[in-house]
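Got the viewer open? Turn on a cartoon view, keep the selection box handy, and we'll go from stop to stop.

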Amino acid sequence: MQVRKLISMAEMTVERRGGRVFTAEELKKATNNYDKDRIIYQLGFGSTYKGVLSNNRVVAITKYKRSGQNMIEHLIKEVNDHLRLSHRNVINLIGCCLETQVPLLVFQYFTNGTLHDYLHSGEAPKLSWTTRLRVAAETADALAYLHSVYDYAPILIHGDVKSANIFLDNNLTAKVFEFGISKKFGSLGEAELTTGDEVATGTIGYLDPEYFHIGELTDKSDVYSFGVVLAELLTGKKAIVYSGHHQKEILSTNFVYSISEGCLWQILDNDIVNDANLDHVTMVANLAKKCLNLKGEERPRMRDVARELERIIRSEIGNGNGDI
């Protein structure tokens, strides 16, 4: 009875805040009965599917594995949180389905691909330096917004910042996909994973090294992950590359080492070297290095990262590089 009451209240809240309550049948149809070929994102807590609604609108549908009253309560909070978000560079939650055993979340979906596609697929057009710089600034601004959206205490942590979670629309504007795996931190640093999982999610190559020592994600964890994205934008290299005999190259380590040894230019994307103001490239590289500091307390806050990128952009425009 308590769960049914929670769901009824959530449905009213969703509709009051402009969201849509979907039926289980229409989302099942939209995903072709949750065909595994429709999976666009998968972690331990569940999967996100590409769905096509009856009006041909493409959406992303997150389906969780766990059930129970605690899980439902967490997801209802997640729905309420997402419907309050309003930022041009954060992908919106459209609505949810509350009649299934575990609630389903339905997000906007952009078919133009992700930043990862543009940097690493070899099929998407190359991104110019000015576009990369703008996408970096937009992403930083979106993350700074998430970290500060709650005026009254908890910080909203993304928890899985990476180039594959940054979509680009038809104008190559950054759209950060949050996927409903965020964590909230109160003023005392006590964490509550809003999906109800006990272990934080993240992606190897982007995950804050401090997590392995303290077992917690913080707002500075997002800063570290964003530093890896900056390194990707500067080098065109993947966050982690596996080769034979279980060998792997970690971009963050190589990037920081290259700056420390004065050989940054050897790992930069050739397109950037030929296209960019190298003074500005150096500024962005040094900013990325600060983000990648192994000590979270010594990393800048996301709002300071966003401000620095905006300052570099203003300098680009002042040097006659046009509107970026």
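How many of the residues of S5 are buried? Select strand S5 (residues 93-97) and check: 5 of its 5 residues are buried, so to speak mostly covered. Buried here means under 20% relative accessible area, exposed means over 50%, and partly exposed is in between, with a 1.4 Å probe and protein chains only. Strands (E, at least two residues) and helices (H or I, at least four) are DSSP runs, numbered from the N terminus.

Two housekeeping notes before moving on. This is a predicted model, in which local features need pLDDT of at least 70 and side-chain atom pairs count only at pLDDT 80 or more, while totals for chains, interfaces and linings use all residues. Residues are numbered from 1 along each chain as its sequence is written, and side-chain values use heavy atoms, with hydrogens and water left out.

**Stop 1: the strands around S5**

Keep S5 selected and add strand S1 (residues 20-21), which runs parallel to S5 and is joined to it by 2 bridges. Two strands pair if DSSP finds at least two bridges between them. Look for Arg 20, whose bridge partner in S5 is Gly 95.

Now add strand S6 (residues 104-108), where 5 of 5 residues are buried. S5 and S6 run antiparallel with 4 bridges, and a hairpin of 6 residues links S5 to S6. To see the pairing, pick Cys 97 with Leu 104, then Cys 96 with Leu 105.

Next, bring in strand S4 (residues 58-64), which pairs with S6 in the antiparallel sense over 5 bridges. Leu 104 turns up again here, as the bridge partner of Lys 63.

While you're on S4, click Thr 62, which sits in that strand. Is Thr 62 buried or exposed? Thr 62 counts as buried, at 0% relative accessibility. Its side chain makes a polar contact of 2.9 Å with the side chain of Thr 48. (A polar contact is a pair of N or O atoms within 3.5 Å; within protein, one must be able to donate a hydrogen and the other to accept it, and residues adjacent in sequence count only if both atoms are side-chain atoms.)

**Stop 2: helix H10**

Jump to residues 278-291, helix H10: 14 residues, reaching 20 Å from the first C-alpha to the last, close to the 20 Å expected at 1.5 Å a residue. That expected span is 1.5 Å times one less than the number of residues.

Show side chains for His 280, Val 281, Val 284, Ala 285, Leu 287, Ala 288 and Cys 291, which are buried. They cover an arc of only 160° around the axis, which puts them on the same side of H10. The arc is taken from the directions from the helix axis to the C-beta atoms. Flip to the face turned away from that side and you'll find exposed Asp 279 and Lys 290.

At the start of H10, zoom in on Asn 277: one of its side-chain oxygens comes to within 2.9 Å of the backbone nitrogen of Asp 279.

What do the buried residues of H10 pack against? Color helices H5 (129-148), H7 (219-235), H8 (251-260), H9 (270-275) and H11 (302-318) to see these partners. Contact means heavy atoms within 4.5 Å.

**Stop 3: helix H8**

Select Leu 251, Ser 252, Phe 255, Ser 258 and Ile 259, the buried residues of H8. Seen down the axis, they fall within an arc of 135°, so they line one face of the helix. They pack against H7, strand S13 (248-250) and H10. After H8 comes Gly 262, with a positive phi near 70°.

**Stop 4: the cores**

Finish with the largest nonpolar core, which has 56 residues; Phe 226, Leu 234, Phe 255 and Leu 309 touch the most other members. H5 gives the largest share, 11 residues. A nonpolar core is a set of buried Ala, Val, Leu, Ile, Met, Phe, Trp, Tyr and Cys residues joined through side-chain atoms within 4.5 Å.

Center on Leu 234: residues that it touches include Trp 129, Phe 255, Val 281 and Val 284, not counting residues up to four places away in sequence. Apart from this core lies another of 16 residues, among them Ala 60, Leu 93, Leu 105 and Phe 110.
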